[in-house]
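Biologist: I should like to learn how to read a few features of a structural model. Might we take them one by one?

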Amino acid sequence: MSQHLQALQTHLAEISHLRAATALLEWDMQVNMPPKGAAARGEQMATLVRMMHEMFTSDQTARLLDSAETETQTQPYESDAASLVRVVRHDYAEATRLPAAFVAESSQVFTAAHEVWANARAKDDFASFEPTLTHIIDLTRRRADYLSYSEHPYDALLNEFERDMTTAQVKAIFDGHRPELVALLEAISANTDRVDASILHQPFDVNAQRDFAAWVVTQFGFDFERGRHDVAVHPFASGTSRNDVRLTNRYAPDFFNTSLFGMMHEAGHGMYEQGSAPALEYTPLAGGSSLGVHESQSRMWENLVGRSQGFWQWALPELQKRFPAQFGKASLETVYTAFNKVQPSFIRVEADEATYNLHIMMRFELETALLNGELQAAQLPQAWNDRCEAYLGIVPPDNRQGVLQDVHWSAGLIGYFPTYALGNLLAVQYYEAAVAAVPSIPADIAQGNFNPLLTWLNHNIHQHGRKFTMNELTQQVTGTSIDAAPYMRYLQTKFGALYGV
Ligand code: ZN
């Protein structure tokens, strides 16, 4: 009856196996591979990526899609079958817009650019990166032209990470809450000595940190029978299947937050992947809706759960048992406030909840200006520092801690940054929806019972995989669109109490 749909699924499963193999090679590269393996690994991965692209953009995919569509036309929008055809049709249209030669040229430029950027950052020498960055911006403009857009070239790029969001929408959301964020930060800065985080800056045994972080995320519900964790320089979550989800983390011997909150964050991504419905395995619907929705899950577990007073009410005795010398005499007040210290800082990945979105807004404004030619690469360091001062009240002493800090631009990832900030907004909206549906969730968390929250997330978000766009999912879950108001309310309530502002 559904033989055409089956044929499409078989074809997509083969592509999905190649994708899983590529992900495993990538994970291995970050976790295990000796340094001199990089060149060979690059070629191995490029071959797999080319095979995937060729298989997916082939006429065979188009034929199978046409046939399958005749069988799914009468199926409900939210059914697995109709969703598969709808999402694959969209992916196919996008993938076939980029000529293979352009994809190959871009990938060569990005591979070489990584080293140029890394050297420039190491030597704090922006000028040596500038020609490469100019080339990447040119390529990115061409990419936007191939992908097509109606208003702003940035729309085409954003659409690759956050479908259906436009530059104008992101700008409206950011402009809408930036003044309030800046004002909140200024008020906090006047009372900064109310919170002392020195307890977190002590020597901590790295193995004990690792065990504690793993224990916490096991309690959250990350399933180590279907996942694992390892060390990597830049933490990430990946995997080959909902039953093989890989978390990575890094450890600082003298700062407690790095590994613990990094682990909570990556486990949030990992539980999303583990919760994707079994029926979606081996299809492009497996995994998460969008980068913003994915980030909402990591941020929710890291911040709304992991930095909440209720969580520490429950976790403090375990923390004290495992780290008696450092936390044995600490009160709940001391640890809860320390974990929530607000401090404007130069490095985005180390930013606290109150300052994080300001880091993203800077990058978004610079990226859109670079793309439409209002800003040249050579002007970036000054433009960066000006915004840093206006939004965070501080100026980076060098470009390493400023414009050169992030890897994204060297990898051609322009249009990606906004998803981090959108994830913060969505985390609060989804959490509030969960609590509205299951009011006991905060009290359950304070008892160490995370199952009601995870079950709600599984049912309302995780199981759907990529079936729905962020806008569709957000409407379903919250009855409204993405909105910064709940996020600002949450920050003002939490940090207002902490800092007396
Ligand atoms: Zn993340």
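Modeller: Certainly; please bear in mind that this model is predicted. Let us begin with a pair of helices. The axes of α6 (residues 126-147) and α7 (residues 153-161) come within 8 Å and cross at roughly 80°.

Biologist: How does one describe the direction of α6 relative to α7?

Modeller: Angles of 65 to 115 degrees count as roughly perpendicular, and α6 and α7 are therefore roughly perpendicular to each other.

Biologist: Which residues of α6 and α7 meet?

Modeller: From α6 come Thr140, Arg143, Ala144 and Leu147, which meet Pro153, Ala156, Leu157 and Glu160 of α7. This contact comprises five nonpolar residues, one polar and two charged.

Biologist: Which protein donors does the zinc ion have?

Modeller: The donors are His265 (NE2), His269 (NE2) and Glu295 (OE), at 2.1 to 2.3 Å from the zinc ion. Along the chain their spacing is H-x3-H-x25-E. His265 belongs to helix α10 (residues 257-274) and Glu295 to helix α11 (residues 291-305), so the pair ties together parts that are 30 residues apart in sequence.

Biologist: Are His265 and Glu295 buried or exposed?

Modeller: Buried means under 20% relative accessible area. His265, at 10%, therefore counts as buried, and Glu295 is buried with a value of 7%.

Biologist: How do strands β2 and β3 run?

Modeller: In a regular strand the side chains alternate between the two faces of the sheet. Here β2 (residues 237-241) and β3 (residues 244-249) run antiparallel and are joined by four bridges. A hairpin of two residues links β2 to β3, and Ser238 stands opposite Arg246 in β3.

Note on methods
Residues numbered from 1 in each chain as written. Predicted model: local features only at pLDDT ≥ 70, side-chain atom pairs only at ≥ 80, totals over all residues. Heavy atoms only, no water. Axes fitted to C-alpha atoms, helices over the stretch in contact; angles between N-to-C directions. Parallel < 35°, antiparallel > 145°, perpendicular 65-115°, else oblique. Contact = heavy atoms within 4.5 Å. Nonpolar A, V, L, I, M, F, W, Y, C, P; charged D, E, K, R; others polar. Donors = N, O, S within 2.8 Å, 3.2 Å for Na, K, Ca; no water. Buried < 20%, exposed > 50% of the residue type's maximum accessible area, 1.4 Å probe, protein only. Pairing = 2+ DSSP bridges.
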